[in-house]
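Let's walk through a strand and its surroundings, then look at a pair of helices. Have the model open as you read.

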Amino acid sequence: MKKNQITGHTRMICLLGSPVSHSISPMMHNRSFELLDLDYAYLAFDIKPQELSGVVDSFRKMQVRGFNLTMPDKTEMYRLCDELSDAARMIGAVNTVVNENGTLIGHNTDGTGYMRAVENAGFSITGKKMTLLGAGGAATSIAVQAALDGVRELTIFNRKSKTFAHGEMLVKKINESTDCRAKICDLEDSRLLERELSDSAILTNATPIGMVPNEAACPLPEEISLPDGLIVSDIIYHPEETLLLKRARECGLSTMNGMYMLLYQGAEAFRLWTGQDMPVETIKKEYFD
Ligand code: NAP
């Protein structure tokens, strides 16, 4: 039999969301299956939240091994899982499902992806303080995983909006369920932001400010100075270097963009489905560098 041929034994893994056709996930997973000679195939389907329940029922019958969810399906999937990981339960959203003989177990690997990217870049933030900009979907995943992974203190900044109220609930959950001390503050309060940054190990931008086509925007007002030794990270990867990262680099600070968060959230999902490590160094070279 030819290598990589789809047979009657091949098990399917999918990406569901809307839109999905731009996603790099099918390439990185199928290439990893090929490199490790694993009998899976990964396909993407454009599925809206109101269609999700029917698709998920079919997936159980089809013994699909698992699937990823992207926006806007992550929160709807949270309601459809039979079991949830600790992180997914706290985040309230699922981006990875593993089908264990008909039991659908929901995980959220976005935060793990970010934390692994930080580690991979050679930074250690365990026991330290993180300042996080944004309290939306990605920020929630990062906040929860950082707290679960031993970040000691977390200050979230968001403008006063509906998302701020979500952030207040998030902070309460983190304080109740982990050893991390979390709080949320108004993003408009520049002096407070500067003060919180002064003893932070890492600043994480989890807002879309600075993303294409608004590359001229920066989430930090110009008057705020960045302290020595601060790691400045952005989860945006388009452009590769946002204005925030450029400013930090010009101050001599270490920086990290969102590329490898994307890679490692996929690598963690891959491990959950296959029990094997994604060959990340090859995937990095072929798709990310
Ligand atoms: P989201 O759920 O819509 O959250 C966006 C966050 O940014 C909210 O806190 C929002 O606050 C804030 N925000 C947006 N525009 C703002 C503005 N003009 N001023 C101040 N705050 C603003 O989006 P998301 O899914 O978390 O995604 C956020 C960013 O992360 C996007 O750029 C996305 O591409 C990127 N991302 C990267 C990865 C990766 O793997 N690298 C993964 C996921 C997401 P309000 O609600 O108050 O506006």
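Here, a residue is called buried when its relative accessible area is under 20%. Keep in mind that what you're looking at is a predicted model.

With that cut-off in hand, start at strand S11, residues 231-234. Its side chains alternate: Ile231 and Ser233 point one way, while Val232 and Asp234 point the other way. Whichever way they point, all of these residues are buried.

Now look at what flanks the strand. Strand S10 (residues 202-205) runs parallel to S11, and four bridges join the two. If you want a spot to check the register, find leucine 203, which stands opposite valine 232 in S11. S11 also pairs with strand S12 (residues 255-256), again in the parallel sense, this time over two bridges. Valine 232 turns up here too, standing opposite threonine 255 in S12.

How does the chain connect those last two strands? Helix H9, residues 243-250, joins S11 and S12 in a β-α-β unit, and that unit is right-handed.

On to the helices. The axes of H5 (residues 110-120) and H10 (residues 259-274) come within 7 Å and cross at roughly 120°. That angle is why H5 counts as oblique to H10. As for handedness, the crossing of H5 and H10 is right-handed.

Which residues make the contact? On the H5 side they are Asp110, Thr112, Gly113, Tyr114, Arg116, Ala117 and Asn120. Those meet Tyr260, Met261, Tyr264, Gln265, Ala267 and Glu268 in H10.

Technical notes: Residues are numbered from 1 along each chain as its sequence is written. This is a predicted model: local features need pLDDT of at least 70, side-chain atom pairs count only at pLDDT 80 or more; totals for chains, interfaces and linings use all residues. Side-chain values use heavy atoms; hydrogens and water are left out. Buried means under 20% relative accessible area, exposed over 50%, partly exposed in between (1.4 Å probe, protein chains only). Two strands pair if DSSP finds at least two bridges between them. A crossover is right-handed if, with the strands pointing away from the viewer, the path from the first strand over the helix to the second runs clockwise. Axes are lines fitted to C-alpha atoms, for helices over the stretch in contact, and angles run from 0 to 180 degrees between N-to-C directions. Angles under 35 degrees count as roughly parallel, over 145 as roughly antiparallel, 65 to 115 as roughly perpendicular and the rest as oblique. A crossing is left-handed if the near helix is turned anticlockwise from the far one by less than a right angle, and right-handed if clockwise. Contact means heavy atoms within 4.5 Å.
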